[in-house]
Amino acid sequence: MVTGEIPEQYLDGYTRLLTEVTATGRRLTRAELESRRALGERAADAGHGLRALVSAHLTAARSVRPGSPRTAGSADGTLAAVQQVIDALAEGYERAGRLAVRREEAARREFIDDLLYGRSDLGRLAQRAERFGLRLSHTHAVAVARGPAAYDEGDPVPRAVERALLARFGDRDVLLTTKDGLLVCVAPGHRDEILPVFARQARAATGGGRVAIGRPQPGPGGIVQSYEEALNSLELAGRLGLADAVLRAADLLVYPVLTRDRQAMADLVQAVLGPLTTARGGVGPQLATLTAYFESGCVAAQAARRLSLSVRALTYRLERIHQLTGVDPADPAHRYTLQTAVIGARLLDWPAQPL
């Protein structure tokens, strides 16, 4: 028998229970209520709606005959029992919903970890990706955003960014998540407009955070590569003191090239800049001077303003660097070697870290 849309198994013993309560006026026992919770949970797991479940129980309650005239308050007792049953069903139904949400969140987190670290079988990963709206055979690009705090998926900041992206692009082909406190957005590589919008929304939601965008890369392994490029761009920006709010890995490719052979770079830094450790005040002011000079396009007046120095004081420092290192910052033939060594020192965090 089916009551409306709900199979009889989800009303098992219900009318018999109501008949007994109506006849005796007793309240439901703890075991009886728990059995109703279990039925509500099973109905939720089977995909039946709560509204249909409640309607079926109310319809079945109408078939129960009134109690004996000698049973005081039988109608009130029946209504109270119906209310207890409905409450128990709803509680079990909601419990199943919470468990389903937790299972879904766990599955999503496992998928994201596997996706960004490339730890799963690619065929199985591609199948799971369809469930989250990604087609891993296509090209994707990844952007990451860092704010003043670490974020989890349920926090207001990620939810605000996600709402903005869904309103603009829908829920297909775009995955927004968090990883290690960062906001992460995975988007199709051919849709150039998505990640810049993510960058604007993330900066607005984080109060001016920094965003890095990896290059589009093909296949499941491409997502990992683009993600790592974005992470490395954030790290490079911190080491080099870059002021850009939005970084693109494609614009920073020279830096991974420079650090690919770390020992060669360390040798260059030591050979070119090592003599600066004997300067008055240490190597720090000399490196700051060279950094400002090169970032100002080798214009002494502009570099001096950056450092709050007079042009004469800046020129003296440059001359002193020339004397100590034998390399002239003003000489185009020497400039590339010296600037590369300065960049290398910042990438290697020298002299704070020994070479």
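How many of the chain's residues, as a percentage, count as buried? In this predicted model, the figure is 44% of the 355 residues.

## The chain as a whole

Let's start with the big picture. The chain's secondary structure adds up to 14 helices and eight strands. Take the contacts with a separation of 6 or more: 71% of them are between residues 24 or more positions apart.

On the outside, the accessible surface is about 18800 Å², and carbon and sulfur atoms make up 51% of that.

## Two nonpolar cores

In soluble globular proteins, nonpolar side chains tend to be buried together. Here, the largest nonpolar core has 54 residues, and those touching the most other members are F111, L115, L134, V144, Y255, L273 and L290. Helix α8, residues 219-240, gives the most to this core, with seven residues.

There is also a second, separate core of 24 residues, with L39, A56, A60 and V85 among them.

## Helix α3

Now for a closer look at helix α3, which covers residues 50-61. Its 12 residues should span 16 Å at 1.5 Å a residue, and the end C-alpha atoms are 17 Å apart, so the two values agree.

Which residues of α3 are buried? They are A52, L53, A56, H57, A60 and A61. Two of these, A56 and A60, turn up in the second core too.

## H48, in the loop before α3

H48 sits in the loop between α2 (30-45) and α3. Is H48 buried or exposed? Its relative accessibility is 19%, and buried means under 20%, so H48 counts as buried.

Setting aside neighbours within four places in sequence, H48 is in contact with E5, I6, P7, Y10, A43 and Y93.

Definitions and conventions. Residues numbered from 1 in each chain as written. Predicted model: local features only at pLDDT ≥ 70, side-chain atom pairs only at ≥ 80, totals over all residues. Heavy atoms only, no water. Helix = DSSP H or I, 4+ residues; strand = E, 2+ residues; numbered from the N terminus. Expected span 1.5 Å × (residues − 1). Buried < 20%, exposed > 50% of the residue type's maximum accessible area, 1.4 Å probe, protein only. Contact = heavy atoms within 4.5 Å. Areas by Shrake-Rupley, 256 points an atom, 1.4 Å probe, with all protein chains shown as cover. Core = buried A, V, L, I, M, F, W, Y, C linked by side-chain atoms within 4.5 Å.
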